[in-house]
Amino acid sequence: MITDEELKVQGMRALIAALGDVEAERFVSLLTRAPFDDTKWQATPWPGVGVEELSREAMRVRRASDLAK
């Protein structure tokens with residue numbers, strides 16, 4: 001598991017790579033000012049995806065990550 005700081009750095013790098021500097025900053029700005037109920041969002045982060053399917057996908061991603069090291 002990476003530190004919170006490294007997660008923020010990697011997240012911003014991914015946003016910038018995907019959106020560019022200006023749009024990445026705009027995206028972060030939208031998140032900070034939009035009313036957002038994190039508790040409600042966490043209750044159903046993957047609608048329509050069962051626990052077993054989610055677990056299989058998580059394990060697949062983990063294995064791929066381990067192989068990439």
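E57 and R60 sit 3 residues apart in helix 4 (residues 51-68), which means that about one helical turn separates them. In this predicted model, the two side chains form a salt bridge whose closest N and O atoms are 2.5 Å apart. Neither partner is hidden away in the sense of the accessibility classes: E57 counts as partly exposed at 36% relative accessibility, and R60 is partly exposed too, with a relative accessible area of 43%.

**Salt bridges along the helices**

How many salt bridges does a search of the whole structure find? The search gives 3, and here they are side by side.

| Pair | N to O distance | Helix |
|---|---|---|
| E5 and K8 | 3.3 Å | helix 1 (residues 4-19) |
| R26 and E23 | 2.9 Å | helix 2 (residues 21-33) |
| E57 and R60 | 2.5 Å | helix 4 (residues 51-68) |

The spacing is worth a look for each pair. In helix 1, E5 and K8 are 3 residues apart, so about one helical turn lies between them. R26 and E23 are likewise 3 residues apart, about one turn of helix 2. As for exposure, K8 has a relative accessible area of 52%, and it counts as exposed because the cut-off for that class is over 50%. E23, with 36%, is partly exposed.

**Overall architecture**

Let's step back to the whole chain. The secondary structure consists of 4 helices and 0 strands, and the order from the N terminus is α-α-α-α. The radius of gyration is 15 Å, well over the 11 Å that the globule rule gives for 69 residues, so the protein is more spread out than a compact globule. Along the principal axes, the C-alpha trace spans about 35 × 35 × 20 Å.

Burial is another part of the picture: buried residues make up 1% of the 69 residues. The accessible surface of the protein comes to about 6500 Å². Carbon and sulfur atoms account for 60% of that surface.

What about the charges? There are 10 positive and 12 negative side chains in the protein. The centres of these two sets lie 3 Å apart.

**Nonpolar side chains**

Which residues form a nonpolar patch on the surface? They are L19, F27 and L31, and together they have about 270 Å² of accessible area. F27 belongs to helix 2, the helix that also holds the R26 and E23 pair. At 35% relative accessibility, F27 counts as partly exposed.

M12 is placed in helix 1, where E5 and K8 are also found. Is M12 buried or partly exposed? With a relative accessibility of 29%, M12 is partly exposed, because buried would require a value under 20%. M12 also offers a handy distance to check in your viewer: its C-alpha atom and that of V28 are separated by 9.1 Å. Along the chain, M12 and V28 are 16 residues apart.

**Pulling it together**

For a quick recap, the protein has 4 helices and 0 strands, with 1% of its residues buried. Its salt bridges number 3, and the E57 to R60 contact we began with has its closest N and O atoms 2.5 Å apart. The surface also carries the nonpolar patch of L19, F27 and L31.

Conventions
Residues numbered from 1 in each chain as written. Predicted model: local features only at pLDDT ≥ 70, side-chain atom pairs only at ≥ 80, totals over all residues. Heavy atoms only, no water. Salt bridge = Lys/Arg side-chain N within 4 Å of Asp/Glu carboxyl O. Helix = DSSP H or I, 4+ residues; strand = E, 2+ residues; numbered from the N terminus. Buried < 20%, exposed > 50% of the residue type's maximum accessible area, 1.4 Å probe, protein only. Rg over C-alpha atoms; globule rule 2.2 N^0.38 Å. Areas by Shrake-Rupley, 256 points an atom, 1.4 Å probe, with all protein chains shown as cover. Lys, Arg positive; Asp, Glu negative; His and termini not counted. Charge placed at Lys NZ, Arg CZ, Asp CG, Glu CD. Patch = residues over 30% accessible without salt bridge, like charges linked within 9 Å, V, L, I, M, F, W, Y side chains within 5 Å.
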